[in-house]
Amino acid sequence: MILRTYKKDDAPIIAKWIRTEEELFKWSADRFNKFPLTGNDINENYAPQLAAGRFFPLTAVDEDENVVGHFIIRYPREDDDRSVRFGFVIINPEIRGKGCGREMLRLGIEYVKNNLSAKRIDLGVFENNPNAKRCYEATGFKENSIRECSLPIGEWKCIDMEMFI
């Protein structure tokens, strides 16, 4: 597996991995609020953030250049380059549970170390997504807070996790 810069052509592939409304909200919290999601929806969401220069979408591909995973790295605050946030983390459902998520995140951590000035990475995971939480813990993230999130499909607890690099 390698990471490469996200391409607009990746979006329809990623959108197909989101098979239910619940999966949409687990993946994106309240950032899209539209199901089914399309590739255009993803690209339209990313466009203004890419223009700001503090948003880095990455795609994981296998040895045959097949898209197998995706996530974004962003600086959450304009005035702080010490911390980045991972988001929109997703692995092709056909290969989940085989260590691909851990490998993609490991590569993402290396990307931050080699290309960005941040010394801290954080992310959020919903309590009703225990497999993702285990993946983040296996990669070195530690729980640092829990907050209530009001989503169109209900109230969910979000576990904020972090690591220092």
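The sulfur of Cys100 sits 9.7 Å from the closest cysteine sulfur, which belongs to Cys135, and that is too far for a bond. Keep in mind that this is a predicted model. Across the structure there are zero disulfides, while the salt bridges number 18. The largest pocket holds about 1200 Å³ of space.

**Cysteines**

- Cys100 is a buried residue, with 18% relative accessible area.
- Cys158 is in no disulfide either: the nearest cysteine sulfur is that of Cys149, 4.6 Å away. A disulfide needs the two sulfurs within 2.5 Å, so this pair doesn't make the cut.
- Cys158 is buried too, with a relative accessible area of 4%.

**Asp62, a buried acid without a salt bridge**

- Look for Asp62 in the loop that runs between β2 (55–61) and β3 (67–74).
- This aspartate is buried yet has no salt bridge. The nearest side chain of opposite charge is Arg4, and that one is 9.4 Å away. A salt bridge calls for nitrogen and oxygen within 4 Å, so Arg4 doesn't qualify as a partner.
- What does the side chain of Asp62 reach? One contact is with the backbone nitrogen of Asn66, at 2.9 Å.
- The backbone nitrogen of Asp64 also lies 2.9 Å from a polar atom of the Asp62 side chain.

**Salt bridges**

- Side chains of opposite charge can pair when their charged atoms come close.
- Asp41 pairs up with Lys34 in a salt bridge, with 2.9 Å between the closest N and O atoms. Asp41 counts as buried at 15% relative accessibility, whereas Lys34 is partly exposed, with a relative accessible area of 38%.
- Asp122 and Arg85 meet through their side chains in another salt bridge, at 3.0 Å from N to O. Asp122 belongs to strand β5 and Arg85 to strand β4, so the pair ties together parts 37 residues apart in sequence. Both Asp122 and Arg85 are buried.
- Arg147 and Asp160 form a salt bridge as well, this one at 2.6 Å, N to O. The pair links distant parts of the chain, with Arg147 in strand β6 and Asp160 in strand β7 (residues 154–164), 13 residues apart.
- Is Arg147 buried or partly exposed? Arg147 is partly exposed, with a relative accessible area of 36%. Asp160, on the other hand, counts as buried, at 11% relative accessibility.
- These last two pairs don't stand alone: salt bridges that share partners join Arg85, Arg120, Asp122, Arg147, Asp160 and Glu162 into one network.

**Largest pocket**

- How much space lies in the largest pocket? The figure is about 1200 Å³.
- The lining takes in 48 residues, and the closest to the pocket's centre are Lys26, Trp27, Val89, Asn129 and Tyr136.
- Several helices help build the lining: α2 (21–28), α3 (39–52), α4 (100–115) and α5 (130–139) are among the elements that each supply at least two residues.
- Strands do their part too, with β3, β4 (83–91), β5 (120–126) and β6 (142–151) each giving at least two residues to the lining of the largest pocket.

How values were computed: Residues numbered from 1 in each chain as written. Predicted model: local features only at pLDDT ≥ 70, side-chain atom pairs only at ≥ 80, totals over all residues. Heavy atoms only, no water. Buried < 20%, exposed > 50% of the residue type's maximum accessible area, 1.4 Å probe, protein only. Helix = DSSP H or I, 4+ residues; strand = E, 2+ residues; numbered from the N terminus. Lys, Arg positive; Asp, Glu negative; His and termini not counted. Polar contact = N/O pair within 3.5 Å; in protein donor to acceptor, adjacent residues only side chain to side chain. 1 Å grid on protein atoms, 1.4 Å probe; cavity = no way out; pocket = protein on both sides within 12 Å on 5 of 7 lines; lining within 4 Å. Points joined across faces, edges and corners; volume = space filled by probe spheres on them.
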